[in-house]
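User: I'd like a close look at one small part here, and then a walk outward from it into the surroundings. Take your time and keep it connected.

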Amino acid sequence: MKPLLAVFLLLWGMTALADDNVFRDSSFEFPAVKGRTPVAQGGDPTVHHEKQGWLFIKLPPGKDSGVTAGLTDEVAHTGKQSFFIRFNKVAKPYVGVTLTSNFIPVVSGTDYEAGIWGRTDAHDLITSLGRTVYMKLQIDFFAADASESVGETLYRVMPVPGGKDHPDFFVPKQWNYWRFRFTTPPGAVFAQMTWRWETGSDTGAVNGILFFDDVTLAGPQVPNPDMTPAPVQEETPAPDTTGSAAPQ
């Protein structure tokens with residue numbers, strides 16, 4: 001097992017939970033790429049998922065969806081790479097990218113913080129003037145072999161870059177950190193994060209690039225965790241929630 005990364009995060013000068021980041025390989029450094037590299041061309045963060053932090057990635061079917069995603073060395077919050085999502089004049093609702101983490105050992109009944117650093121591209125700027133893009137976080141909890149879910153699934157929704165009724169949170173000049181604090185349910189041995197970036201049901205088209213890096217699940221480490229839960233099927237999509245939400 002790779003060493004766990006100790007991360008201390010800031011949000012507008014406020015410190016995040018002062019615990020280790022228990023999510024492995026959160027900085028999108030593998031596989032190494034040159035330039036902006038879509039998933040189909042080698043920029044797939046789920047390669048060798050049994051050893052990495054990411055388990056599934058799902059993109060819209062077909063070549064004409066207008067959505068691409070993958071890894072890039074153009075910009076990074078830490079390290080050399082980040083994860084990008086490119087919307088190319090997408091005018092359809094519920095089109096986007098889903099990225100699901102591997103199983104993450106957690107301590108039940110304990111406070112954790114899920115978070116992600118993000119920014120936009122000044123040269124290919126996504127704005128809140130067209131169809132809204134929503135970043136959706138889903139957190140599921142599982143028992144010891146990951147075959148049985150425990151507790152309630154948690155959901156949070158964030159309009160990107162800020163929504164028509166919210167100031168832009170993700171901007172081109174700096175990285176900003178979005179976070180969600182929660183308590184793991186009784187009996188939880190593993191948590192699994194599913195991140196989605198998809199268009200909403202409003203009108204218009206969306207165009208531009210988003211960059212994300214350094215996904216976190218900050219909280220107490222599990223001593224000698226069992227990192228080999230039983231395999232499970234790909235996640236069930238979250239409910240259709242397209243209402244805006246402010247950062248937590």
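Which side chain does the side chain of N21 make a polar contact with, and at what distance?

Analyst: It's S26: the side chains of N21 and S26 make a polar contact at 3.2 Å. (A polar contact is an N or O pair within 3.5 Å; within protein, one atom must be able to donate a hydrogen and the other to accept it, and sequence-adjacent residues count only if both atoms are side-chain ones.) N21 has a second partner too, since a polar atom of its side chain lies 3.2 Å from the backbone nitrogen of F23.

Some ground rules before going further. This is a predicted model, with local features needing pLDDT of at least 70 and side-chain atom pairs pLDDT 80 or more, while totals for chains, interfaces and linings use all residues. Numbering runs from 1 along each chain as its sequence is written, and side-chain values use heavy atoms, without hydrogens or water.

N21 lies in strand β4, residues 20-21 (strands are DSSP E runs of at least two residues, helices H or I runs of at least four, numbered from the N terminus). N21 is buried, with a relative accessible area of 1% (buried is under 20%, exposed over 50%, partly exposed in between, with a 1.4 Å probe and protein chains only).

The stretch just before it deserves some caution. Residues 1-18 stay under a pLDDT of 50 (that is the predictor's confidence in each residue, from 0 to 100). The model still has 39 contacts for them beyond four places in sequence (contact means heavy atoms within 4.5 Å). Residues 241-248 are also below 50, with 24 contacts beyond near neighbours in sequence. Where pLDDT is low, the predicted coordinates should not be read in detail. For the chain as a whole, the mean is 85, and 82% of residues reach 70 or more.

From N21, follow F23. F23 belongs to one aromatic cluster with F28, W54, F83, F169, F170, W197 and F212. (Phe, Tyr and Trp rings, the six-membered one for Trp, pair if their centres lie within 6.5 Å; planes under 30 degrees apart are stacked, over 60 edge-to-face, the rest tilted.) By that rule the count comes to 14 aromatic pairs. In one of them, F83 and W197 have ring centres 5.7 Å apart and planes at 40°, so the pair is tilted. F83 sits in β8 (residues 82-90) and W197 in β15, 114 residues apart. Both rings belong to buried residues. Another tilted pair is W117 with Y177, at 5.1 Å centre to centre and 35° between the planes. W117 is in β11 and Y177 in β14 (residues 176-183), so this pair ties together parts 60 residues apart in sequence.

F28, from the F23 cluster, offers a side trip: its C-alpha is 9.7 Å from that of G43, 15 residues away in sequence. G43 is in the loop between β5 (37-38) and β6 (54-58). With a relative accessible area of 0%, G43 is buried, and beyond four places in sequence it touches V33, T37, P38, G70 and L71.

Back to F23, which is also among the contacts of M193, along with L99, I104, L137 and L217. M193 is one of the residues with the most contacts inside the largest nonpolar core, which has 47 residues; F83, M135, W178, W195 and L217 are the others. (A core is a set of buried Ala, Val, Leu, Ile, Met, Phe, Trp, Tyr and Cys joined through side-chain atoms within 4.5 Å.) A separate second core of seven residues includes V75, F84, Y177 and I209.

M193 takes us into β15, where ten of ten residues are buried, so the strand is largely enclosed by the rest of the structure. M193 shares a covered face with A191, W195, W197 and T199, while F190, Q192, T194, R196 and E198 line the other. β15 runs antiparallel to β12 over ten bridges (strands pair if DSSP finds at least two bridges between them). Within that pairing, Y134 is matched with E198 and K136 stands opposite R196. β9 (residues 96-101) also pairs antiparallel with β15, over five bridges, with T100 partnered by T194.

β12 (residues 133-142) likewise has ten of ten residues buried. Seven bridges pair it antiparallel with β13, residues 154-160, where L154 stands opposite I139.
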